[in-house]
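Dear colleague,

Please find the structure below, handed over for your use. My account of what was found in it follows directly after.

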Amino acid sequence: MVQSECRLLRGLLGFICLLPVCMSAGPDLCVSLNAIRDKLNVTLRRRFMKMNFPINYTIQVHYEEVFRLRNISRLNMSNEEEPLQQRDLQDLWLWVSQQGIKRVLRVLPERHPTRSKYLSNLENLFRRFEEPYNEKNPRDEERVLPERIQNIWDHLTDQYYEGWKSVTPKSILDNCYRTMLCLFKECFSKEDDDNYDCK
């Protein structure tokens with residue numbers, strides 16, 4: 001009885017401590033991101049994105065769609081002439097993550113369990129996240145993107161671009177998960193992002 005009350009009290013205190021942080025990012029935004037994080041847990045990623053595919057199965061993605069923590073570190077290197085905003089990296093993360101899910105869905109048969117039981121739900125969670133994200137971060141049409149970010153967008157949206165890379169379906173979501181914890185730290189507890197520092 002006492003143990004369960006202590007656990008309940010600890011949980012409540014943890015929630016109270018996180019509340020101001022979540023409110024700064026926007027409650028809807030953090031709720032949506034936490035739903036995505038729960039769906040991207042390592043057990044589900046392994047089950048649906050590794051075990052449901054043939055051994056060493058890969059798909060082709062644009063080189064820039066392999067968005068890892070080290071890409072963030074490299075892009076974050078200070079350039080005073082072209083300051084980088086967190087929104088620039090978050091926009092890239094959102095687009096690359098959604099594109100990666102679409103690429104995997106394209107190669108799956110209609111009745112494949114990864115499609116029906118996992119990726120379709122994950123795709124819907126990203127759509128639900130996108131609305132509050134865009135409301136909280138209205139785009140500044142006047143702002144010119146830093147050249148290094150604009151180059152990535154140019155490659156990502158160029159249908160004739162030939163920079164392709166073979167990756168496993170699981171690695172797409174592994175990178176999505178790690179970079180999410182790095183780019184949206186304000187929505188997650190310290191335990192989540194210990195191993196995913198952006199620097």
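A search of the whole structure, which is a predicted model, finds nine aromatic pairs. One of these brings together F48 and Y118: the planes of their rings lie at 5° and the ring centres are 5.0 Å apart, so the pair counts as stacked. Because F48 belongs to helix α3 (residues 42–51) and Y118 to helix α6 (residues 113–136), this pair ties together parts that are 70 residues apart in sequence. Both F48 and Y118 are buried.

A further aromatic pair is formed by W93 and F184, with an edge-to-face arrangement: the centres are 5.2 Å apart, and the angle between the planes is 65°. W93 lies in helix α5, whereas F184 lies in the loop between α8 and α9 (190–193), so the pair connects parts that are 91 residues apart in sequence. W93 counts as buried, with a relative accessibility of 1%, and F184 is likewise buried, at 0%. W93 and F184 also belong to a cluster, linked by ring pairs, that includes F126, F129 and Y133.

Turning to charged side chains, the structure holds seven salt bridges. In one of them, D91 meets R87 with an N to O distance of 2.5 Å. These two residues are four apart in helix α5 (residues 86–107), which means that about one helical turn separates them. D91 is buried at 10% relative accessibility, and R87 is buried as well, with a relative accessible area of 13%.

Another salt bridge joins D174 to K170, whose closest N and O atoms are 2.9 Å apart. Here too the partners are four residues apart, about one turn of the helix, this time in helix α8. D174 and K170 are both buried. Together with R45, they are linked in a network of salt bridges.

A third example concerns R37, which is placed in helix α2 (residues 27–39). The side chain of R37 forms a salt bridge with that of D38, at 3.1 Å from N to O. R37 also makes a polar contact of 3.2 Å, side chain to side chain, with N34. Are R37 and D38 buried or partly exposed? R37 counts as buried because its relative accessibility is 18%, while D38, at 42%, counts as partly exposed.

Helix α8 deserves a separate word. It has 15 residues and spans 22 Å from its first C-alpha to its last, close to the 21 Å expected at 1.5 Å a residue. Of the 15 residues in α8, 13 are buried, so the helix is largely enclosed by the rest of the structure.

Finally, some remarks on confidence. The mean pLDDT of the protein chain is 84, and 80% of the residues score at least 70. Among the elements of the chain, helix α8 (residues 169–183) has the highest mean pLDDT, at 96, and helix α1 (residues 2–25) the lowest, at 45. Over residues 6–24 the pLDDT falls below 50, and this stretch has nine contacts in the model beyond near neighbours in sequence. Where pLDDT is low, the predicted coordinates should not be read in detail.

With kind regards

How values were computed. Residues are numbered from 1 along each chain as its sequence is written. Side-chain values use heavy atoms; hydrogens and water are left out. A polar contact is a pair of N or O atoms within 3.5 Å; within protein, one must be able to donate a hydrogen and the other to accept it, and residues adjacent in sequence count only if both atoms are side-chain atoms. pLDDT is the predictor's confidence in each residue, from 0 to 100. Contact means heavy atoms within 4.5 Å. The expected span of a helix is 1.5 Å times one less than its number of residues. Buried means under 20% relative accessible area, exposed over 50%, partly exposed in between (1.4 Å probe, protein chains only). A salt bridge is a side-chain nitrogen of Lys or Arg within 4 Å of a carboxyl oxygen of Asp or Glu. Rings of Phe, Tyr and Trp (its six-membered ring) pair if their centres lie within 6.5 Å; planes under 30 degrees apart count as stacked, over 60 as edge-to-face and the rest as tilted.
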